[in-house]
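This briefing summarises how the helices and aromatic side chains of the structure below are arranged. Please read it alongside the sequence and the coordinates.

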Amino acid sequence: MNRQELQQEAKQLEKMIAKQLVEEFGKSLTEAEKLVKEAKIYNLVMENELALHESPHQWALSILTQSGDEETLEKYYNQ
């Protein structure tokens with residue numbers, strides 16, 4: 001995969017993770033985009049394209065865990 005394709009895939013993954021945070025975890029779009037940006041997903045993918053193999057859902061869970069959002073995780077797991 002060339003650099004331009006990897007950049008496009010990284011941006012697409014960011015959008016998909018934000019969508020998961022909104023749809024599955026009840027975050028606002030603004031909050032979801034902020035969480036994704038703070039997690040530096042784009043940079044992680046650009047450094048290691050294997051990061052693309054994790055699902056957006058798994059990334060969302062990782063971001064919520066990393067940010068210490070226990071309330072959202074608890075609600076999700078207690079559904």
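The points below treat the nonpolar core, two of the helices and the aromatic residues.

The structure is a predicted model. Its largest nonpolar core contains 22 residues, and α1 (3–23), α2 (29–39), α3 (41–47), α4 (56–66) and α5 (70–77) each contribute at least two of them.

**Nonpolar core**

- The residues with the most contacts inside the largest core are Ile-17, Leu-21, Phe-25, Val-36, Ile-41, Val-45 and Ile-63.
- With six residues, α1 gives the most to this core.
- Beyond its neighbours within four places in sequence, Ile-41 is in contact with Leu-13, Glu-14, Ile-17, Val-36, Trp-59 and Ile-63.

**Helix α1**

- The 21 residues of α1 should span 30 Å at 1.5 Å a residue, and the end C-alpha atoms are indeed 30 Å apart.
- Buried positions in α1 are Leu-6, Ala-10, Leu-13, Ile-17, Ala-18, Gln-20 and Leu-21.
- These buried residues lie on the same side of α1, because the arc they cover around the axis is only 155°.
- In general, residues three or four places apart in an α-helix point the same way, because there are 3.6 residues a turn.
- Gln-4, Lys-15 and Glu-23 are exposed on the other side of α1.
- The packing partners of the buried α1 residues are α2, α3 and α4.
- At the start of α1, the backbone nitrogen of Gln-4 has a side-chain oxygen of Asn-2 within 3.0 Å.

**Helix α4**

- Pro-56, Trp-59, Ala-60, Leu-61, Ile-63 and Leu-64 are the buried residues of α4.
- The elements covering these buried residues include α1, α2, α3 and α5.
- Gly-68, just after α4, adopts a positive phi of about 75°.

**Aromatic residues**

- Two aromatic pairs are found in a search of the whole structure.
- One of them is the tilted pair of Phe-25 and Tyr-76, with 4.8 Å from centre to centre and 50° between the planes.
- This pair connects distant parts of the chain, since Phe-25 sits in the loop between α1 and α2 while Tyr-76 belongs to helix α5, 51 residues apart.
- Phe-25 is buried, at a relative accessible area of 8%, and Tyr-76 is buried at 19%.
- The rings of Tyr-76 and Tyr-77 are edge-to-face, because their planes meet at 70° with the centres 5.1 Å apart.
- Tyr-77 counts as exposed, with 55% relative accessibility.
- Phe-25, Tyr-76 and Tyr-77 together make up one aromatic cluster.

Methods
Residues are numbered from 1 along each chain as its sequence is written. This is a predicted model: local features need pLDDT of at least 70, side-chain atom pairs count only at pLDDT 80 or more; totals for chains, interfaces and linings use all residues. Side-chain values use heavy atoms; hydrogens and water are left out. A nonpolar core is a set of buried Ala, Val, Leu, Ile, Met, Phe, Trp, Tyr and Cys residues joined through side-chain atoms within 4.5 Å. Buried means under 20% relative accessible area, exposed over 50%, partly exposed in between (1.4 Å probe, protein chains only). Helices (H or I, at least four residues) and strands (E, at least two) are DSSP runs, numbered from the N terminus. Contact means heavy atoms within 4.5 Å. The expected span of a helix is 1.5 Å times one less than its number of residues. The arc is that of the directions from the helix axis to the C-beta atoms. A polar contact is a pair of N or O atoms within 3.5 Å; within protein, one must be able to donate a hydrogen and the other to accept it, and residues adjacent in sequence count only if both atoms are side-chain atoms. Rings of Phe, Tyr and Trp (its six-membered ring) pair if their centres lie within 6.5 Å; planes under 30 degrees apart count as stacked, over 60 as edge-to-face and the rest as tilted.
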